[in-house]
Amino acid sequence: METRIDHIDGGIYRISTMTDAYGITFNQFLIDDDAPTLIHTGEYGAHANVKKAIAEVLDPATLVNLVLLHWEGDENGGMDRFMADAPAAQLVGSALSIQLNAVGFGVQERTRGFTDGETLELGKHTLRFWETPHVHHWDSMMVVEESTGSLFPADLFLQPGDQPPVVTENLADAMVGVYRAVGIFAHEDPVRSVAARVEALDPRWVNAMHGGSLTREALPAYLQALREQDFAYCGMLLGRAVEVPAAQY
């Protein structure tokens, strides 16, 4: 797998690896600042590639924050390796995720949990945390970087395929199709509530975890698709039909 790193805006870099098995890119985001920060670590096996990409910008040993937006292999599978590489690094997540997951995995040292509206100063950049439960996990959060108007929405606003660093194309129907096929959202309501919050924010950038970074001009089509189309779980898990008797719903 080939991993690339591209500057998006204001010291924020997209690290991206196309993963053919899933038909999407797996992205991490590096923020170059006084407190260097990595959002998503990638899967366990991707560590060497992601670390090499980071090294094109800064020394991975200087990372201060490893931000996970929910507890899942592509979010934080490489956390132990990055924490070993960077002895001063802390694992940052939602307060719920740190309480339920990090402590349960014995990672209670060097962790910090955030609740909705709290901020983390990096130097020139400020991260503001949003709690977004059930979009798509119970412990999910999103992050807004205030100086660049950048939103990091984890799995929301993905686009399938090997997308370029910046996407202006309307791939909203493809996004919704992926959600229906993989079954990551149990219901539309929590997602639509968060989408309304995103619309009110009017971010300049949406740095999706899968796909390219969306521009402000591209975002409305994706918000409209989430408002108007069905995309919640409908019996499909990663493309596999799950037969559940109707009486169980």
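These legends accompany several close-up views of a predicted model.

In this predicted model, local features need pLDDT of at least 70 and side-chain atom pairs count only at pLDDT 80 or more, while totals for chains, interfaces and linings use all residues. Residues are numbered from 1 along each chain as its sequence is written, and side-chain values use heavy atoms, with hydrogens and water left out.

**View 1. Strand 1 and strand 2 form a hairpin.** Helices (H or I, at least four residues) and strands (E, at least two) are DSSP runs numbered from the N terminus. Strand 1 runs antiparallel to strand 2 (residues 12–19), and six bridges join them; two strands count as paired if DSSP finds at least two bridges between them. Look for threonine 3, which stands opposite threonine 17 in strand 2. Two residues separate the strands, and glycine 10 in the turn has a positive phi of about 55°. Five of the seven residues of strand 1 are buried, so the strand is largely enclosed by the rest of the structure. Here buried means under 20% relative accessible area, exposed means over 50%, and partly exposed is in between (1.4 Å probe, protein chains only).

**View 2. An open sheet of seven strands has mixed pairing.** Its strand order is 8-9-10-11-13-14-12. Strand 8 (119–121) and strand 12 are the edge strands, each pairing on one side only. Inside the sheet order, strand 10 and strand 11 run antiparallel and are joined by three bridges. Glutamate 145 stands opposite serine 150 in strand 11. Helix 6 packs on the sheet, where it touches strand 9, strand 10 and strand 11, and its direction makes about 150° with that of strand 9. For such angles, axes are lines fitted to C-alpha atoms, for helices over the stretch in contact, and values run from 0 to 180 degrees between N-to-C directions.

**View 3. Helix 6 turns one face to its surroundings: which of its residues are buried?** They are Glu188, Val191, Val194, Ala195 and Val198. Seen down the axis of helix 6, these buried residues fall within an arc of 135°, so they line one face of the helix. The arc is that of the directions from the helix axis to the C-beta atoms. Their cover includes strand 9 (126–131), strand 10 (141–145), strand 11 (150–152) and helix 7 (219–228); contact means heavy atoms within 4.5 Å. The 14 residues of helix 6 (residues 188–201) should span 20 Å at 1.5 Å a residue, and its end C-alpha atoms are 20 Å apart, which agrees. That expected span is 1.5 Å times one less than the number of residues. Just after helix 6, aspartate 202 takes a positive phi of about 55°.

**View 4. Helix 7 has its buried residues on the same side.** Leu219, Tyr222, Leu223, Ala225 and Leu226 are the buried residues of helix 7. They cover an arc of only 160° around the axis, which puts them on the same side of the helix. What covers them includes strand 12 (166–167), helix 5 (172–182), helix 6, strand 13 (205–207) and strand 14 (213–215). Alanine 221 is also found in helix 7, and this residue is partly exposed, with a relative accessible area of 23%. Leaving aside neighbours within four places in sequence, alanine 221 is in contact with Asn170 and Ala172. The C-alpha atoms of alanine 221 and glutamate 169 are separated by 9.4 Å, although the two residues are 52 apart along the chain.

**View 5. The structure holds seven salt bridges, three of them shown here.** A salt bridge is a side-chain nitrogen of Lys or Arg within 4 Å of a carboxyl oxygen of Asp or Glu.

- Aspartate 9 pairs with arginine 204, with the closest N and O atoms 3.4 Å apart. Aspartate 9 lies in strand 1 (residues 3–9) and arginine 204 in the loop between helix 6 and strand 13, so the pair ties together parts 195 residues apart in sequence. Aspartate 9 is buried at 18% relative accessible area, whereas arginine 204 is partly exposed at 38%.
- Glutamate 146 meets arginine 128 (2.4 Å, N to O). Glutamate 146 sits in the loop between strand 10 and strand 11 and arginine 128 in strand 9, 18 residues apart.
- Aspartate 202 pairs with arginine 216, the closest N and O atoms being 3.3 Å apart. Aspartate 202 is in the loop between helix 6 and strand 13 and arginine 216 in the loop between strand 14 and helix 7, so the pair ties together parts 14 residues apart in sequence.
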